Structure formats: C-alpha cells, structure tokens
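Me: Got a two-chain model open here and I'd like to talk it through. Can you take my questions as they come?

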Amino acid sequence: MDITPELVKRVAANARLNLKDEEIKKFAAEMKEILATFEKLSEVNTDKTEPSFHPIPVKNVAREDKTGECLDREKALSLTPHIKDPYFRGPKVL
Amino acid sequence: MITKFVKEAQAGKINLVEHTEKALEEAEKISKEYRYVTAWADAVERAKELQEQVTKGTAHGRLFGVLISVKDNICVKDVESTASSAILKTYKPVFNATVIQKCLNEGAIILGKTVQDEFGFGGFAVNTGKGYEKPLNPFDKKRATGGSSGGAAGLTKKATFPHIALAESTGGSIADPASFCGVVGICPTYGRVSRYGLIDYANSLDKIGTMALDIDDAALLLEIISGKDAHDSTSAELPVPSLDTAGAVNGLKIGIVKEAFAEGVDNNVRKSVMEAIYKLEQKGARRIELSLPLSMKYGLAAYYTLAMTEASTNLARYCGLRYGATDQLTGTYNEFFSRVRTNNFGEEAKRRLLLGTFARMAGYRDAFYTKAAQVRTKMLQEYAAAFKQVDVLITPTMPIVAPTFDEIKKLTPLQNYAMDILTVSPNLAGLPHISIPCGESNGLPIGLMVTGPHFAEQKIIQVAKAHGK
C-alpha cells in the first residue's frame with residue numbers, strides 16, 4: 001500500500017494532530033512498513049465469519065430507570081480554568 | 001506474607017502509622033533511584049484512620065493496613081492520575097475507580113501511582129509521556145522494566161514492606177513486566193474485573209489485574225477486585241470463586257504451544273520453561289504438544305489493528321477543555337484542540353493515533369478494522385478447540401530477558417511490537433493468564449506463562465502454585 005505524505009497529512013488532520021513535514025515523512029515510512037504487516041490479515045479466509053468486537057459475549061445492559069448519583073456541576077467544573085459560570089468555556093466559534 | 005501481616009495489624013500488634021511512615025520512606029528512596037512512582041497518595045493519613053479503628057475495635061478487611069500501589073491509568077480520588085501522559089497532567093479525579101473502592105473497603109492503604117508507557121502504548125515502559133522518566137529494571141539499571149506496567153513490576157520487586165500492586169494489561173502489560181522484573185503478575189479474563197475508573201486504551205482489551213512477590217498475594221487482591229459492577233456493562237455477571245487454592249497438577253493436561261518455543265526464543269528462556277514443564281509432569285501433569293498456527297501467525301497484526309483503532313477513538317476525548325493539559329483559548333475549536341494534542345501527546349501516542357485513525361477511515365475500515373475483528377473470531381475458535389484438548393497452556397511469557405535501553409533504541413517500531421508475540425494472542429482472546437518467575441539467564445529473570453480458558457483464574461493459579469511448590 002502506498003502511504004503518501006498527503007495521506008498521512010489527511011489522517012493527521014482527522015486525528016487533530018499538527019505534524020511538521022519531517023514528521024510526516026518519518027511516520028509515512030513507518031506506517032507503510034507496519035500496515036504491510038497488518039495487510040497480511042487478508043490471507044485469512046474469513047468468509048461467513050462474524051467479527052468479534054469483544055472477546056466474551058457482551059449484551060446491552062439498561063440500568064433501572066431510577067435517579068442515581070451524578071457528578072455535580074461544581075466538581076465537573078473544578079478541573080479546568082476555562083469556565084464561564086456555570087459552563088465550560090471554549091474557543092470562539094464566530 | 002500479607003495474610004499474617006493483616007492479622008497482626010488488626011490485632012494491634014503493628015503500629016500502622018509508624019509502619020506506613022517507614023514503608024513510605026523506603027518507597028520514596030526506591031523511587032528516587034529507580035523512578036517507579038509518579039504521584040503519592042496520603043498514606044499516613046489513611047494509616048491514622050485505620051489505627052483508630054484498631055483502638056475502637058472495629059478493624060476489619062482482608063487488606064487491612066496493606067500498601068497498594070496503583071498503575072497510573074487507574075483513577076484514585078484526589079491523586080494525580082495521568083496514565084503517565086502529559087495531556088492529563090494536573091488531572092486529579094473526583095472519584096475512585098471501582099477497584100480502588102473495593103481495596104479501601106477491605107482496609108487497604110493506597111500508596112501512590114506507578115509509572116507506565118503513556119496510556120499503555122509500549123512493551124518496555126520506555127514510551128513514558130513527556131516529562132515522565134523511564135523506570136529502571138530492578139536487576140540492572142541499564143535495562144528496561146518491561147511494560148507497560150513497568151513501575152508496578154519494579155516497585156513490587158524492590159519493596160521489602162508488605163505490598164501488592166494494581167496493574168493493567170491490554171496486550172501483555174502485566175505479564176511482560178512481571179517477567180522482566182521477576183515477580184508474579186495475574187491478568188484476569190476480560191470482564192472479570194470492572195474497568196470503571198480505568199483510563200481507556202482499548203475498551204475490548206483492557207483488563208485490570210495484580211502483581212506481587214508471591215502468588216497468594218496477587219490472587220487475594222484479584223479475588224477482591226473481581227465481580228460484576230453496575231458502572232461497567234462489560235463486567236461479567238458471574239460469581240467470583242475463591243482464588244485461595246492449593247497447587248496441584250495431578251491429572252491435568254498441559255498444552256505446550258509449539259510455536260512459542262520456536263526460533264526467536266532465547267535458548268536459556270526455552271530451556272528454563274521446558275525444565276519447569278518437566279517438573280510439572282513429574283508431579284502428575286500430562287503434557288500435550290499442540291499448535292496455534294493462526295493465533296501465532298496473525299495475532300500480532302490483529303491485536304495491533306484493533307488496539308490502535310480503539311485507542312484512536314478513546315484519545316479523541318483529550319481536547320484540553322475540561323481537564324488535564326490546556327492552553328490559551330485562541331484560534332478555532334479545531335486549532336485549539338490540535339495545538340493542545342500536538343504539544344502533549346508523545347511520539348508513540350501520535351504514531352498509534354495515526355495508524356488507528358487510518359484503520360477506521362472510510363475506504364480502509366473493512367480491510368483493516370473489520371478484518372482484524374473477524375480474525376479475532378477465528379482465534380477465539382482456535383483457542384476454544386485447544387481448551388477442549390487441554391486444561392491450560394504453558395509458554396514462555398517473553399521470548400527474551402529484559403533488554404538494555406541501548407538495544408531497545410535500535411528497534412524499529414515494528415520490531416518493537418513483535419516482542420509481544422507471546423502475550424498479544426491470549427490478551428486479544430480475553431483469556432486469563434499468569435506469569436511467574438522460573439529461573440534466570442545471566443542474572444536476569446525468566447517468566448513462565450500459564451493461560452487458561454475464560455474465567456478459569458482458579459485453574460491457572462493452581463498450576464502456577466504447583467510449579468512453586
């Protein structure tokens with residue numbers, strides 16, 4: 001698979017990472033080698049094989065419809081300087 | 001060791017405050033030299049509380065007065081918990097992970113947080129986050145502890161006070177450092193222990209487990225933290241058996257995985273593990289050679305594809321706004337997030353973010369992520385067939401003994417990942433496994449790994465103890 005610097009740049013943007021040109025070049029070469037190993041999975045015949053997203057059977061669990069304890073607002077806001085009471089403050093949108 | 005101490009502490013024969021102060025002093029000295037602890041809990045304050053219980057006659061709990069160290073990715077209330085990543089620097093959880101609460105309910109004293117590869121991204125504990133020093137092997141400071149639970153393993157080896165460690169494994173992060181540091185490490189079945197309060201690496205792979213100098217202590221802590229938890233929907237609704245079991249192998253069928261003794265495994269490692277198997281045979285075990293061709297050939301690729309994909313979604317939450325590292329609120333949302341993430345994630349975290357993001361992007365998802373999950377199904381089938389023939393599997397834990405930092409530097413990222421060849425498959429299949437010391441090579445410890453079917457923790461402990469007897 002050809003992992004071009006342009007592709008790495010696109011992936012990095014999706015992952016919200018700013019990479020310098022030399023980093024892109026280095027990661028592209030490494031990714032090419034690593035993904036070539038991952039691609040060997042295509043040798044395995046998985047026709048009619050369901051994917052396992054967990055190693056043991058997992059089912060959806062709904063809790064009882066009762067009010068439980070929640071993290072209170074004061075605590076939730078206590079871990080950042082970016083607050084505008086009683087909310088988190090983010091960068092400008094407009 | 002722990003049980004006797006607990007009884008004496010409850011009976012007031014040990015002054016817990018003095019004991020804890022002394023232990024803390026020792027732990028600080030060890031950590032200064034070997035770099036194992038990233039943050040300290042208020043252990044002395046807790047010891048005072050427990051000592052008061054002794055005075056009042058209300059002392060209770062199977063871990064009464066025992067110091068428990070906690071891998072940095074497990075949340076401890078009011079103690080900085082960062083998974084050894086700069087992006088979580090300053091994060092002090094406002095709650096305890098379920099495993100921590102269970103330890104406290106049994107009278108434990110939390111010692112502090114142990115260093116790891118950033119978010120668990122490594123097998124040598126050399127990928128600690130920016131600003132975190134790499135832990136040094138207790139046998140030779142030029143060598144790595146193994147990872148990712150490197151601090152936990154190193155401290156377990158060096159501490160002379162009664163201590164058990166809470167560790168965590170995604171692809172081998174308990175067994176690997178336990179092997180390199182010469183301690184016992186148990187990783188339970190996926191779902192046996194609640195992950196509530198664990199800083200996620202890969203949700204379908206992460207398992208909290210234990211480390212100790214002795215099998216009984218590691219088993220006791222595992223029994224205490226096991227069980228269904230309403231806060232974790234993937235925790236298993238199964239009764240927790242007693243893990244206080246005697247060592248016995250008479251009549252048990254032990255599977256020897258052929259590929260795990262093949263080329264690439266150090267001669268001394270192979271020899272020591274084979275000798276241990278021979279001893280188990282003499283105690284009545286039956287040895288059956290078998291092969292796991294699919295798991296041993298494709299396990300690494302399937303594991304890394306799934307682990308990195310899951311990691312890339314988990315790490316999306318770190319945006320610098322609500323907790324942890326941050327920056328001035330300038331630029332657009334995307335510019336702000338990208339700046340905080342770029343400045344704070346380490347190189348291996350970035351590498352895995354790129355690979356994981358790629359493997360789930362439109363156009364590549366089916367060939368990588370879905371394919372790996374299908375191969376996982378086939379691996380689960382292969383293991384299920386093996387466990388129809390045998391009770392447990394035995395392999396070396398790691399193909400080598402602890403390498404030097406210079407040797408590690410020479411490895412490419414791919415060669416680095418390949419060192420996990422023996423641990424990734426049981427982890428991907430969510431199988432319980434235990435690593436125990438089984439000899440030395442040039443003064444460095446060798447690890448033997450016993451793997452069992454799902455929820456057979458008792459059996460792997462039983463076999464491991466038979467070796468030690």
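Me: Start with chain A. What radius of gyration does chain A have, and what would a compact globule of 94 residues have?
Reply: Chain A has 23 Å, whereas a compact globule of 94 residues would have a radius of gyration near 12 Å. Keep in mind that this is a predicted model.

Me: What box do the C-alpha atoms of chain A fill?
Reply: Roughly 50 × 45 × 25 Å, taken along the principal axes.

Me: And how much of chain A is buried?
Reply: Buried residues come to 16% of the 94 in the chain.

Me: Which elements does chain A have, and in what order?
Reply: Chain A has three helices and two strands. Going from the N terminus, the order is α-α-α-β-β.

Me: OK, the contact between the chains. How many residues does each chain put in?
Reply: Chain B gives 57 residues and chain A gives 41.

Me: Which elements of chain B give two or more residues to that side?
Reply: Five helices of chain B: H9 (293–314), H10 (333–344), H11 (347–359), H12 (366–389) and H14 (413–418). The largest share is from H12(B), with twelve residues.

Me: How do the residues on the chain B side divide by type?
Reply: On the side of chain B that touches chain A there are 31 nonpolar, 19 polar and seven charged residues.

Me: Let's zoom in on one helix pair across the chains. At what angle do H1(A) and H11(B) pack?
Reply: Helix H1 of chain A, residues 5–14, packs against H11(B) at about 95°, and the axes are 9 Å apart. Angles of 65 to 115 degrees count as roughly perpendicular, so H1(A) is roughly perpendicular to H11(B).

Me: Which residues meet there?
Reply: From H1(A) you have Val8(A), Val11(A), Ala12(A) and Asn14(A), and from H11(B) they meet Leu354(B), Thr357(B) and Phe358(B). That contact divides into five nonpolar, two polar and no charged residues.

Me: Now a pair inside chain B. How do the axes of H2(B) and H3(B) cross?
Reply: Helix H2 (residues 16–34) and helix H3 (residues 43–56) of chain B have axes that come within 8 Å and cross at roughly 160°. The two are therefore roughly antiparallel to each other. As for handedness, the crossing of H2(B) and H3(B) is right-handed.

Me: Which side chains should I click on for that contact?
Reply: On H2(B), pick Leu16(B), Val17(B), Thr20(B), Glu21(B) and Leu24(B). On H3(B), pick Ala43(B), Val44(B), Ala47(B), Lys48(B), Leu50(B) and Gln51(B). The residues of this contact split into seven nonpolar, two polar and two charged.

Me: What about H15(B), is that helix mostly covered or mostly open?
Reply: Mostly covered: helix H15 of chain B (residues 421–428) has eight of its eight residues buried. They are Ile421(B), Leu422(B), Thr423(B), Val424(B), Ser425(B), Pro426(B), Asn427(B) and Leu428(B). Just after H15(B), Gly430(B) has a positive phi of about 70°.

Me: Switching to backbone oddities. Which peptide bond in chain A is cis?
Reply: The one from Asp85(A) to Pro86(A) is cis, with omega near 0°. Pro86(A) sits in the loop between strand E1 (83–84) and strand E2 (87–88) of chain A.

Me: And in chain B, where is a cis peptide bond?
Reply: From Gly147(B) to Ser148(B), with omega near 5°. Ser148(B) is in the loop between strand E3 (109–114) and helix H5 (150–158) of chain B.

Me: What phi does Lys48(A) have?
Reply: A positive one, about 55°, although Lys48(A) is not a glycine. Lys48(A) is in the loop between helix H2 (21–38) and helix H3 (73–76) of chain A.

Me: Is Lys48(A) buried or exposed?
Reply: Lys48(A) is exposed, with 6 other C-beta atoms within 10 Å.

Me: And what's the story with Asp78(B)?
Reply: Asp78(B) isn't a glycine either, but has a positive phi of about 65°. Asp78(B) lies in the loop between strand E2 (67–71) and helix H4 (98–105) of chain B. Asp78(B) has 12 other C-beta atoms within 10 Å and is exposed; the cut-off for exposed is 12 or fewer.

Me: Last one: how far apart are Thr3(B) and Asp217(B)?
Reply: In sequence, 214 residues; in space, 8.1 Å from C-alpha to C-alpha. Thr3(B) belongs to helix H1 (residues 2–10) of chain B and is partly exposed, with 14 other C-beta atoms within 10 Å.

Key: Residues numbered from 1 in each chain as written. Chains lettered and ligands numbered in written order. Predicted model: local features only at pLDDT ≥ 70, side-chain atom pairs only at ≥ 80, totals over all residues. Helix = DSSP H or I, 4+ residues; strand = E, 2+ residues; numbered from the N terminus. Rg over C-alpha atoms; globule rule 2.2 N^0.38 Å. Buried ≥ 20, exposed ≤ 12 C-beta atoms within 10 Å, placed from the backbone. Axes fitted to C-alpha atoms, helices over the stretch in contact; angles between N-to-C directions. Parallel < 35°, antiparallel > 145°, perpendicular 65-115°, else oblique. Left-handed = near helix turned anticlockwise from the far one by under 90°. Contact = placed C-beta atoms within 7 Å. Nonpolar A, V, L, I, M, F, W, Y, C, P; charged D, E, K, R; others polar.
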